[in-house]
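Student: I have a new structure to read. Can we go through it step by step?

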Amino acid sequence: MGAEAEPPGPSQPAARPAGPRRHPGRVAAAITLVGLVLTAGSTLATARIDRTTEQRLLDGQTRQAATVLSTAIMVIELPLQSTLAAQRASAPAGSTAPFEQVMGAQVGAGKMFQTASLWRRQGADLRLVATLGDPPALSPKAASTLTYLRHAFDTKTTTVRLVTVGSRSEVAYAHADPTSGWLVYAEREIPANRRAPVDRDSAFSQIHYAIYLGRHTTADTLSTTDVDPRTLPFHGVRSSQTVPFGDTSLTLTTTPRSRLGSDLSGALPWLLLGGGLLLTLAAARVGQRLTRDRESAEHDAATITTLYQQTETLYDQQRELFVRLQRALLPSANPELPHLEVAAEYAAGARGLDIGGDWFSVIELDGERFGFVVGDVSGRGVDAVAVMARARFTIRAYLTDGDDPVTVLEKCSQQFDILTDGHMTTALVGVGSWRTGEVTLASAGHPPPVLLGDGPPHFVEVTPGRPLGAGVAPYPVSTFTMPAGATLFCFTDGLVERRGEDIDTGLTRLADVLARAAERPVGDLVAHVLATLRHEDAPDDIATLAIRWTGES
Amino acid sequence: MDDFVVETRADGVIVVSGELDIATVDELSAAARAALETTASTLVLDFGGVTFVDSTGLGALVRLRKEAEHRGLGLRLDGVRPEVRRVLDLTGLSEIFPDQAEL
């Protein structure tokens, strides 16, 4: 584990990544807000454009309707003007024949006028001389009538009044010729409810309208409309045109019956609104999900970091466990055996991360004999330690049963298989007598021990058989007798093996070191050899076992 | 330190050079297992360039030899250098991987 990182406890959560936290709900809300604003803006703008278009179209329709209205007014005024012209030309004296001839065609049920009358001014006197159709709503005797009619002589055009008598509503027309003194009066009925039907093909077919007499658009001045007068004035898109009408004018106000523009233009704002809302919703959802994903990714990263740290911690713990396991499998104290001094040492390899499978063992067998083993499982790791434990206790069991080293190894060679165990084991197995110093040895591919104290240190001659796991094999026996005070030094190859160097060089070096330290107490001897030969960077672990026989004294 | 190289020759011989240890053993094992799929009789490992074999390397050789036997095939080391031969002798493996020069 890197020195820069502070190792946290396994359960300690890793620090969350720095930076502002984005709550998915808040992101969604922000997106929704922006979306709503955009949607509302575009909807309003489109609606405005549509409204402008509608207004333009309505204005056009209204102008068209106003033209139609002007024509209608001319049609109304024409009989009156014709009558005056005829009266003036053919009957300056007083005949009413031209009046009856011209207006007679225009008065009556279903005709243009309900009533028409001819008046004559002579000096200050104004007299009714003829009447056609119904009696006029405007009483000929009333002073207000006379005032109105006199006013007509002051006006060159037709004078128009709205007359309501009882339930009857009439538009009154008076047209006078001050030169001849003739005056034509006519009344045109308007429905009491002011409603007038509209022809489908007329200029008014696409609009609702209300026609007011004069410039003011109040209920009092309302002439005709195609809607319920109570719903007036119009709301929404509306337009108005003023048309000259005698001494006054008609004000035409309109509103569309239905959409004048294309349906798409009108639907567009709603489409935008609906589409915008949907998009906003979708965007909000996507935003929320993306934020969540990001949050989860950050969380995952944090989790992975934590896992790494935990793995490191676990690894450290595991390694410590391995080392403890290894040490637990090695004897903590060698048995006190008569006439024997025993020292042993285990040194873990410098690599340390993978634990090796070296071991040593000394056991008391009976009242005279002792057994000893030094072994080395190839490879590393917990599997190697497991194989080591099995080898160690299997060998020990056979030795305890009284088997000699050769038998022990032969039996073991049937018990181990590298194909299933994954590891191969070398082992040096010996049985000695503390009474005689006689030692029997067998080797399963293990380096021979060094005998000290019998002349110069030398390697005991023992022909190695196959390592355990390499197949069933015979093991040659080696027997010798230790002189009193001699020391048998057993080891694993980690003590002598070095890269780029012949194994014999390492063996010779060991022999030399032992020769110089032969007189030391065994514990001291083992420590010295390890301290001298153990390479600081040596990858392999090392097991050493020294047995000194003091001899029977 | 020599680089470890494993090369399968056209004639099926695997030529190995460098140090065979815990770090390089998998490379040899993979090449040898691939060769065992096609070899008809005996797989030959040319060990002329191998300068060092540790206990893991020895374990791998034994293992490959046993895998070959399971297929009814053989596995042979050729050109083993004296220092490696010495290690095979010390570890009781010269019986399994005999010196070809002595045969």
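Below, the two chains are taken in turn through short questions and answers.

Student: What kind of model is this?
Tutor: Keep one point in mind from the start. The model is predicted.

Student: How many helices and strands does chain A have?
Tutor: Chain A has 553 residues, and buried ones make up 35% of them. Among its contacts with a separation of 6 or more, 68% are between residues 24 or more positions apart. As for elements, chain A has nine helices and 19 strands.

Student: In what order do the five strands of the open sheet in chain A stand?
Tutor: Begin at the edges. They are β2 (125-133) and β3 (159-165) of chain A, and each pairs on one side only. The pairing in this sheet is antiparallel, and the order is β2-β1-β5-β4-β3.

Student: By how much are neighbouring strands of this sheet turned against each other on average?
Tutor: The direction of the turn is ignored here. The average for neighbouring strands is 25°.

Student: Which residue is the bridge partner of A:T115 in β5(A)?
Tutor: A:T115 belongs to the pairing of β1 (residues 115-122) with β5 (residues 182-190), both of chain A. These two strands run antiparallel over six bridges. A:A116 has A:A186 as its bridge partner in β5(A). For A:T115, the partner is A:E187.

Student: How many bridges join β4(A) to β5(A)?
Tutor: These two strands form a hairpin with five residues between them. In the turn, A:G181 has a positive phi of about 85°. One of the bridge pairs is A:V171 with A:R188 in β5(A). The strands run antiparallel, and the number of bridges is eight.

Student: Is β5(A) largely enclosed or not, and how many of its residues are buried?
Tutor: β5(A) has nine residues. It is largely enclosed by the rest of the structure, because the buried ones number eight.

Student: Which strands of this sheet does helix α1 of chain A touch?
Tutor: Helix α1 covers residues 24-90 of chain A and packs on the sheet. Its direction makes about 160° with that of β5(A). The strands it touches are β4 (168-176) and β5 of chain A.

Student: And which strands does helix α2 of chain A touch?
Tutor: Helix α2 spans residues 97-104 of chain A and also packs on the sheet. Its direction makes about 40° with that of β2(A). It touches β1, β2 and β5 of chain A.

Student: Which strands stand at the edges of the four-stranded open sheet in chain A?
Tutor: The order is β7-β6-β9-β8, with antiparallel pairing. Each edge strand has a single partner strand, so one side of each is left without a neighbour in the sheet. The twist averages 20° from one strand to the next. The edge strands are β7 (222-225) and β8 (239-245) of chain A.

Student: Which residue is the bridge partner of A:T242 in β9(A)?
Tutor: β8(A) and β9 (residues 248-256) of chain A run antiparallel and are joined by seven bridges. In β9(A), the partner of A:T242 is A:T251.

Student: What angle does the direction of α1(A) make with that of β8(A)?
Tutor: α1(A) packs on this sheet, touching β6 (207-213), β8 and β9 of chain A. The angle with β8(A) is about 20°.

Student: Is the crossing of α5(A) and α6(A) left-handed or right-handed?
Tutor: The axes of α5 (residues 382-400) and α6 (residues 405-415) of chain A come within 10 Å and cross at roughly 140°. The helices are therefore oblique to each other. The crossing is right-handed.

Student: How do the residues of the contact of α5(A) with α6(A) divide?
Tutor: From α5(A) come A:T394, A:I395, A:Y398 and A:L399. They meet A:V408, A:K411, A:C412 and A:Q415 in α6(A). The residues divide into five nonpolar, two polar and one charged.

Student: In what order do the elements of chain B run?
Tutor: Chain B has 103 residues, of which 40% count as buried. It has three helices and four strands. From the N terminus on, the order is β-β-α-β-α-β-α.

Student: Which elements give two or more residues to the side of chain A that touches chain B?
Tutor: The contact takes 24 residues from chain A and 19 residues from chain B. The side of chain A divides into nine nonpolar, eight polar and seven charged residues. The elements are α7 (418-421), β14 (438-444) and α8 (503-517) of chain A.

Terms used
Residues numbered from 1 in each chain as written. Chains lettered and ligands numbered in written order. Predicted model: local features only at pLDDT ≥ 70, side-chain atom pairs only at ≥ 80, totals over all residues. Pairing = 2+ DSSP bridges. Axes fitted to C-alpha atoms, helices over the stretch in contact; angles between N-to-C directions. Contact = placed C-beta atoms within 7 Å. Parallel < 35°, antiparallel > 145°, perpendicular 65-115°, else oblique. Left-handed = near helix turned anticlockwise from the far one by under 90°. Nonpolar A, V, L, I, M, F, W, Y, C, P; charged D, E, K, R; others polar. Buried ≥ 20, exposed ≤ 12 C-beta atoms within 10 Å, placed from the backbone.
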